[in-house]
Amino acid sequence: MSYQLENTQRGEKYNTIFSKVSPAQRRMRNARSHMRSRLLLGLYLFLMILPIYWLINMSLQTNSEILGSMTLWPQNLTFDNYIGIFTNSSWYMGYVNSMLYVAMNMLITICVALPAAYAFSRYTFIGDKHLFFWLLTNLMAPPAVFLLPYFQLYYSVGLFDTHIAVALAHCLFNIPLAIWILEGFMSSVPKEIDETAYIDGYSFPRFFVKIFIPMIRSGIGVTLFFLFMFSWVELLLARTLTATDAQPIGMIMTRTSTASGIDWGTLAAAGVLTIIPGILVVYFVRNHIAKGFALGRT
């Protein structure tokens with residue numbers, strides 16, 4: 001009783017104090033709170049954008065200006081770094097090679113992961129949970145563990161220094177991730193939809209393509225985003241499994257370091273061009289990503 005009485009008195013005290021606050025003071029407090037939130041958000045955006053701006057700034061400068069005094073913007077604007085990349089076949093082919101094996105990996109992974117995730121979400125079989133957990137354990141191993149087996153295998157079968165070799169190597173990590181994400185979206189779709197489609201005379205392929213896949217398009221968008229992100233930035237496997245014909249842009253960028261020094265301008269321009277494909281992917285799947293983060297397993 002004494003504890004309840006004490007809490008009641010304390011609540012009445014707080015209500016009395018709060019009632020004495022005028023509407024003008026409340027508006028002032030809310031304004032201060034909004035101001036602090038905006039300042040923190042502005043500081044966060046500034047810290048996020050600053051490295052990207054500095055990279056663009058360096059890409060428009062000469063090496064002598066980069067190594068000289070620090071400037072907030074180019075004093076002698078030049079596009080020679082970008083021209084050098086687009087006129088040198090070894091440079092722009094690095095981007096072509098990277099985009100080729102990334103696209104191949106995304107296509108292979110999504111074609112394998114969609115039926116596999118459907119099986120995990122709709123059927124129960126012996127060892128299903130153990131198999132699902134085993135797929136996730138592949139994500140726990142670093143790519144360096146698989147370097148030697150992949151290199152020896154691909155070299156013996158003639159796939160070394162090809163785009164498909166890198167795409168298949170990335171499938172070891174991307175397929176489990178895709179299955180895990182898609183299974184969460186598929187499990188949220190009621191099973192009654194499958195039964196209704198079968199009653200209406202739909203075959204499984206027709207139902208899967210025309211009805212089921214459009215219902216989980218947000219999940220597919222999120223999955224493609226993560227697949228692209230892993231394959232585009234992964235360098236260890238791509239560097240080991242290629243030599244000349246299928247070298248990724250990350251490997252080409254290491255050529256800027258020579259005995260005479262580092263070509264900072266070209267390296268910065270290559271970094272800017274490396275960011276652009278990621279921005280385009282995020283732009284085209286932005287709506288699906290927003291829905292996927294709110295509904296799915298991500």
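A salt bridge is taken here as a side-chain nitrogen of Lys or Arg within 4 Å of a carboxyl oxygen of Asp or Glu. In this predicted model, a search of the whole structure turns up one such contact. The partners are Arg122 and Asp194, whose closest N and O atoms are 3.1 Å apart, and because this distance is within 4 Å the pair qualifies. In general, side chains of opposite charge can pair when their charged atoms come close. Here the pair ties together distant parts of the chain: Arg122 belongs to helix 5 and Asp194 to helix 9 (residues 192-199), with their positions 72 residues apart in the numbering. Both Arg122 and Asp194 are buried.

Helix 5 also takes part in the aromatic contacts, of which the model holds 20 pairs. One of them joins Tyr118 and Phe208 in an edge-to-face arrangement, at 5.5 Å centre to centre and with 85° between the planes. This contact, too, links distant parts of the chain, since Tyr118 lies in helix 5 and Phe208 in helix 10 (residues 204-215), 90 residues apart. Tyr118 and Phe208 are both buried. A further pair, Phe207 and Phe212, has ring centres 5.8 Å apart and planes at 50°, so this pair is tilted. Phe207 and Phe212 are buried as well.

These four rings belong to one aromatic cluster, made up of Tyr118, Tyr123, Tyr198, Phe204, Phe207, Phe208 and Phe212. A contact of another kind is found at Arg206, which lies over the face of Tyr202 at 4.4 Å from the ring centre.

Helix 4 (residues 80-87) offers a clear view of how a helix can present two sides. Its buried residues are Asn81, Tyr82 and Ile85. Seen down the helix axis, these residues fall within an arc of 95°, so they line one face of helix 4. The spacing is a familiar one: an α-helix has 3.6 residues a turn, so residues three or four places apart point the same way. On the face turned away from the buried side, helix 4 carries the exposed residues Asp80 and Thr87. The cover over the buried residues of helix 4 includes helix 2 (23-59), helix 5 (89-122) and helix 14 (264-284). Helix 5 thus appears again in this picture: it helps to cover helix 4, holds Arg122 of the salt bridge and contributes Tyr118 to its aromatic pair with Phe208.

Definitions and conventions: Residues are numbered from 1 along each chain as its sequence is written. This is a predicted model: local features need pLDDT of at least 70, side-chain atom pairs count only at pLDDT 80 or more; totals for chains, interfaces and linings use all residues. Side-chain values use heavy atoms; hydrogens and water are left out. Buried means under 20% relative accessible area, exposed over 50%, partly exposed in between (1.4 Å probe, protein chains only). Helices (H or I, at least four residues) and strands (E, at least two) are DSSP runs, numbered from the N terminus. The arc is that of the directions from the helix axis to the C-beta atoms. Contact means heavy atoms within 4.5 Å. Rings of Phe, Tyr and Trp (its six-membered ring) pair if their centres lie within 6.5 Å; planes under 30 degrees apart count as stacked, over 60 as edge-to-face and the rest as tilted. A charge sits over a ring if NZ of Lys or CZ of Arg is within 6 Å of the ring centre and within 35 degrees of the ring normal.
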